[in-house]
Amino acid sequence: MAKKRPQTTAKRPQITDGEVPVVGAREPCPCGSGRRYKACHGRAAAHAATELVHRPFEGLPGECDWVALRELVPAATVGLTLKGGLPEGVPAVTLATVLPMAWPALRRDDGSVLLGLQNDTSSGDISRDLADTLQRALEAEPGTPVQGRRAPAGGPRLQDLLDLEGAFEPEVHSGFEFWVPDPENATQDVTASLERANAAAIPTVKLQGVDAAYWCETPEKNHLRWVMPHPEEQLLDALARLHAAGRSSLGEGTRLVGSFRAHGLTVPVWDLPSGVKAEDVEKPAAEFAERLAAALATDAPLSADERRARGGLTNRQVTLN
């Protein structure tokens, strides 16, 4: 019979949880436990990848605008302020709704960073995925895009990287020309991507008098989509009170038609006649905001008409994420 080899007790590498790299599910776990990755540190990583964060942008300046830019606005940019300032060699960091070729991020030739917001993410926490992409973009070679990947479990979130006291002021664009600082030297792929994106973009304008309200134009009618920070149940009660009282419109020919749910916030939607432009709803929107504030402050039980109005609004909700 063959002799059994004597067992040795080799020292296993001491790796903390935060340092364990991601490997294949059936590979040995890099922590040195002797178990497969999926049965060891991969279990926590898989849980982190599937656990949905209900409000990923909560705590960031302009949470409502983050939601709007993620789900509703075709072309917009926002300058981002990092905690501790910009690294050396990075003159600016800019959030963009979409980047050419659907890149998650881009380190431009001048060292500045563009971070794409509307990309698919691999986990249930958009904030963690974006933070991972941002960190890699800050370290990428100038002139290179950053590819997507699964963010490491336990990694930082945007709330850890961004200055929470900084302003968040979106600039809405009519097209995606901000992609190309030097159009004459753009690659053929980028130029083609730009043309396709511009052709598909719906004209959109951000209202100036109220927060996170966006007018958009479609062939048949226009719309106002307004991301609101209030708790959903309280907001629906308030909207129902106004709707039952005939005070939920934004002027003649306009109508509150329902709402979206997006990243933990509610987005009421109004239909507008095709002739109604963004500037036409600035004053009506400001007046509606005052009526809504009063309705939100009311805690009396809903009347029968208000309950019916609320049921109608609830039935016309659409979840975007």
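Let's call a residue buried when its relative accessible area is under 20%, exposed when it is over 50%, and partly exposed in between, using a 1.4 Å probe and protein chains only. What you're looking at is a predicted model, with local features needing pLDDT of at least 70 and side-chain atom pairs counting only at pLDDT 80 or more, while totals for chains, interfaces and linings use all residues. Residues are numbered from 1 along each chain as its sequence is written, and side-chain values use heavy atoms, leaving out hydrogens and water.

Start at helix 7, residues 282–296 (helices are DSSP runs of H or I with at least four residues, strands are runs of E with at least two, and both are numbered from the N terminus). Its buried residues are Glu 282, Pro 284, Ala 285, Phe 288, Arg 291, Leu 292, Ala 295 and Leu 296. An α-helix has 3.6 residues a turn, so residues three or four places apart point the same way. The cover over the buried residues of helix 7 includes strand 9 (222–226), helix 6 (232–244) and strand 11 (265–272), with contact taken as heavy atoms within 4.5 Å.

Strands 9 and 11 lead us into an open six-stranded sheet, ordered 7-8-9-11-10-12 with mixed pairing; two strands pair if DSSP finds at least two bridges between them. Strand 7 (204–206) and strand 12 (317–319) are the edges, each pairing on one side only. Further in, strand 10 (255–262) runs antiparallel to strand 11 over seven bridges, and Ala 262 sits opposite Leu 265 of strand 11.

Now for the packing. A nonpolar core here is a set of buried Ala, Val, Leu, Ile, Met, Phe, Trp, Tyr and Cys residues joined through side-chain atoms within 4.5 Å. The largest one has 41 residues, and Trp 66, Leu 134 and Val 227 have the most contacts inside it. Helix 3 (126–139) is among the elements supplying at least two residues each; in fact, the largest share, six residues, comes from helix 3. A second, separate core of 24 residues includes Trp 215, Leu 235, Trp 270 and Val 281.

Finally, the rings. There are seven aromatic pairs in the structure, where rings of Phe, Tyr and Trp (its six-membered ring) pair if their centres lie within 6.5 Å, with planes under 30 degrees apart stacked, over 60 edge-to-face and the rest tilted. Phe 176 and Phe 178 have ring centres 6.0 Å apart and planes at 45°, so this pair is tilted. Trp 226 and Trp 270 also make a tilted pair, 5.9 Å centre to centre with 45° between the planes. This second pair links distant parts of the chain, Trp 226 in strand 9 and Trp 270 in strand 11, 44 residues apart.
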